[in-house]
Amino acid sequence: MVEVSDIIHILAQAGSKGMKLGKLATHVYNNRRSFFETLNYDDVYAEVKQTMLRLSKSSSSIIEPMDVRGYYRLNPDKLQQYGQLTIDFDGTEILLQEETEEEQPSVENQDMSLDLFADMD
């Protein structure tokens, strides 16, 4: 249910200050919730908690616990292992680069509306 990529994306947006586990679980819950699928927040929280405990135990993990209990952040020393993830901790800008895709040519402001009464002669 909970994907590690969702957690990494949310922690990337949080930056170097990290995020509390409860707030992280809330963001994951809101990202995974849809109109057609009902989720239980307690289940999502438990799964995020287990995932964070499992991922933060290793010193080579991209996720690290902070000095304050219950706070986690991305380990800036391990970000080089993940090519698509670039974070600027010094500035306010956070860039998440997806796999390279060809850029779509921009369509200039054209009137794309249909004329409903064109064929009514």
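## Close-up views of three helices and their neighbours

**View 1. Helix α1 meets helix α3.** Here V4, I7 and L11 reach across from α1, and they touch T51, M52 and L55 of α3. Keep in mind that this is a predicted model. The two helices pack at an angle of about 80°, and their axes are 11 Å apart. That angle makes α1 roughly perpendicular to α3. Two of the α1 residues in this view, I7 and L11, also turn up among the buried residues of that helix. From the α3 side, T51, M52 and L55 are all listed as buried too.

**View 2. The whole chain, for orientation.** Before going further in, take a step back. The protein chain has three helices and five strands. Walk along from the N terminus and the elements come in the order α-β-α-α-β-β-β-β. The chain has 121 residues, and 27% of them count as buried. Now look at the contacts between residues with a separation of 6 or more: 43% of them join residues that are 24 or more positions apart.

**View 3. Helix α1 and the residue just after it.** Which residues of α1 are buried? They are D6, I7, I8, I10, L11, A12 and A14. Follow the chain out of the helix and, just after α1, you reach G15, which takes a positive phi of about 80°.

**View 4. Helix α1 crosses helix α2.** The axes of these two helices come within 10 Å and cross at roughly 120°. That makes α1 oblique to α2. The crossing of α1 past α2 is right-handed. Who touches whom? On the α1 side you'll find D6, I7, I10 and L11, and on the α2 side L24, H27, V28, N31 and R32. So I7 and L11 have already appeared in View 1, where they meet α3; here they meet α2.

**View 5. Helix α2 and its buried face.** Helix α2 covers residues 21–32, twelve residues in total. From first C-alpha to last it reaches 16 Å, close to the 16 Å expected at 1.5 Å a residue. Its buried residues are L21, L24, A25, V28 and Y29. Look down the axis of α2 and these residues fall within an arc of 140°, so they line one face of the helix. What covers them? The cover includes α1 (4–14), β1 (19–20), α3 (41–56) and β3 (71–74).

**View 6. Helix α2 crosses helix α3.** Here the axes come within 9 Å, crossing at roughly 120°. That makes α2 oblique to α3. This crossing is right-handed. From α2, the contact uses L21, G22, L24, A25, T26, V28 and Y29, while α3 brings Y41, V44, Y45, V48, K49 and M52. Spot M52 again: in View 1 it was one of the α3 residues meeting α1.

**View 7. The two sides of helix α3.** With 16 residues, α3 reaches 22 Å from its first C-alpha to its last, close to the 22 Å expected at 1.5 Å a residue. Buried in this helix are V44, V48, T51, M52, L55 and S56. They cover an arc of only 110° around the axis, which puts them on the same side of α3. Now go round to the face turned away from that buried side, and you'll see the exposed residues D42, Q50 and R54. Covering the buried residues of α3 are several elements, including α1, α2, β2 (63–65) and β3.

**View 8. N31, a residue of helix α2.** Is N31 buried, partly exposed or exposed? Its relative accessibility is 49%, so N31 counts as partly exposed. Try finding D6 from here: N31 and D6 are 25 residues apart in sequence and 7.9 Å apart in space, C-alpha to C-alpha. Both residues also belong to the contact between α1 and α2 shown in View 4.

**View 9. K20, a residue of strand β1.** K20 is partly exposed, because its relative accessible area is 47%. Which residues does K20 touch, leaving aside its neighbours within four places in sequence? The partners are G70 and Y71. P65 makes a handy landmark as well: K20 and P65 are 45 residues apart in sequence, and their C-alpha atoms are 10.0 Å apart in space.

Terms used:
Residues are numbered from 1 along each chain as its sequence is written. This is a predicted model: local features need pLDDT of at least 70, side-chain atom pairs count only at pLDDT 80 or more; totals for chains, interfaces and linings use all residues. Side-chain values use heavy atoms; hydrogens and water are left out. The expected span of a helix is 1.5 Å times one less than its number of residues. Buried means under 20% relative accessible area, exposed over 50%, partly exposed in between (1.4 Å probe, protein chains only). The arc is that of the directions from the helix axis to the C-beta atoms. Contact means heavy atoms within 4.5 Å. Axes are lines fitted to C-alpha atoms, for helices over the stretch in contact, and angles run from 0 to 180 degrees between N-to-C directions. Angles under 35 degrees count as roughly parallel, over 145 as roughly antiparallel, 65 to 115 as roughly perpendicular and the rest as oblique. A crossing is left-handed if the near helix is turned anticlockwise from the far one by less than a right angle, and right-handed if clockwise.
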